[in-house]
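Got the viewer open? Let's walk through this one together, one selection at a time.

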Amino acid sequence: MSPGKQASESEAAAPMAAGARLEAMRRRVRLSRLAVWTVIAAGPVALAVAVASTPTTVEAATAATSTAVRTTRAAADPGGYAQVFVGAWLRSSTDEETSAQARLAQSLAPDVDLPDPAAGAQAKPQSVVAVRSAQHSGGAWSVTVAAQYADGAVRYYALPLVSDSTGGSFTVTGAPGVVAGPARATVPASPYRVSVTGGNLTSAVSEFFAAYLTGTGEVSRYLAPGVNLPAVSPAPYTAATVQQISAVEQAAATAQVPGDGTTVHILTQVDAQDTGGQWPLAYELTLRARSSRWEVAALDSGEPGTAQAGGTR
């Protein structure tokens, strides 16, 4: 067969093959439409069967793209609940069962007897504060509550409670018991071991606290770029005097301001004065050197290096 004839047959076959493929596609579309209308006409049962018979490849793709989200409910601390009960219980008595405090105590713990103080007994507490909560198994809790009296005495009470499975409801299961107060923890050695006296750093810190606590000047002029730290408002003191500065880094004690970007952490003792007297205050600061001056980068809220710009102690 001549090359010309072969080319003519190939050219003729191409449109025929394309037409066959197009016809096959049209037939599949018609069959698909027919199947859908048949399912709809057959009712919900047939539709459910059709959904259940979806190809496994589609099911696998759906499962692969889904994400399981799990949430864990944090156990609610019953410290506040215990604080309310112990406060009401200490301020009530069997001689005044109809008083507001007695009714409150009995509503929170109907099975707990009210105290029966003698005439002239210790006065009712000025304040009651929960200081420790310990969770045990089975939803049981023990909360230690401190009651402070006008003469400065403090008495600690341990109160047993239980919570429901959601941690949203509590029940007092017994009367409070007097216990020893929490022991004092051992204080680690202070990281502020470098003494800072005089110099540019002391001047910068003194001027900053004058603006921050007394409203003398603008706080922003003593802050590092990007730091937002508004002054205490209204200004609570009429004077603020820096008494002592201790630093972590030796660079804080140098006479000259070090190179730009040098950062130091300091502990500052400030005596603040108002019409009511003098108040010794303490602040942790992060300072950063820039353009031959010290600027406040943060009031620290924790250990050195963990300060947040604008955070307060």
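Start by selecting helix H4 (residues 79–90) and helix H5 (residues 100–108), which pack at an angle of about 135°. How are H4 and H5 placed relative to each other? An angle over 145 degrees would count as roughly antiparallel, and theirs is about 135°, so H4 and H5 are oblique to each other. Their axes are 8 Å apart, and H4 passes H5 in a left-handed crossing. Keep in mind as you look around that this is a predicted model.

Now show the side chains where the two helices touch. On H4, pick Tyr81, Val84, Phe85, Gly87, Ala88 and Trp89; on H5, pick Gln101, Leu104, Ala105 and Leu108. Colour the residues of this contact by character and you'll get 8 nonpolar, 2 polar and no charged.

Next, click on serine 99, in the loop between H4 and H5. What lies by the side chain of serine 99? A polar atom of that side chain is 2.9 Å from the backbone oxygen of glutamate 96. The backbone nitrogen of alanine 102 lies 3.2 Å from a polar atom of the serine 99 side chain.

Move along to strand E1 (residues 127–135) and strand E2 (residues 140–148). E1 and E2 pair in the antiparallel sense, over 8 bridges. To see one partnership, select valine 129 and its bridge partner in E2, alanine 146. Then go to the hairpin of E1 and E2, with 4 residues between the strands, and find glycine 138: it takes a positive phi near 70°.

On to an open sheet of 5 strands, in the order E6-E7-E8-E9-E10, with antiparallel pairing. Which strands stand at the edges? Those are strand E6 (194–196) and strand E10 (293–299). Each has a single partner strand, so one side of each is left without a neighbour in the sheet. Turn the view and look at the twist: neighbouring strands here are turned by 40° against each other on average, direction ignored.

Zoom in on E6 and strand E7 (residues 239–247), which pair in the antiparallel sense over 3 bridges. Select valine 196 and you'll find isoleucine 245 in E7 standing opposite.

For the last stop, add helix H6 (residues 199–214). H6 lies across E6, E7, strand E8 (263–274), strand E9 (277–290) and E10. Line up your view with E7, and H6 runs at about 140° to that strand.

Note on methods. Residues numbered from 1 in each chain as written. Predicted model: local features only at pLDDT ≥ 70, side-chain atom pairs only at ≥ 80, totals over all residues. Heavy atoms only, no water. Axes fitted to C-alpha atoms, helices over the stretch in contact; angles between N-to-C directions. Parallel < 35°, antiparallel > 145°, perpendicular 65-115°, else oblique. Left-handed = near helix turned anticlockwise from the far one by under 90°. Contact = heavy atoms within 4.5 Å. Nonpolar A, V, L, I, M, F, W, Y, C, P; charged D, E, K, R; others polar. Polar contact = N/O pair within 3.5 Å; in protein donor to acceptor, adjacent residues only side chain to side chain. Pairing = 2+ DSSP bridges.
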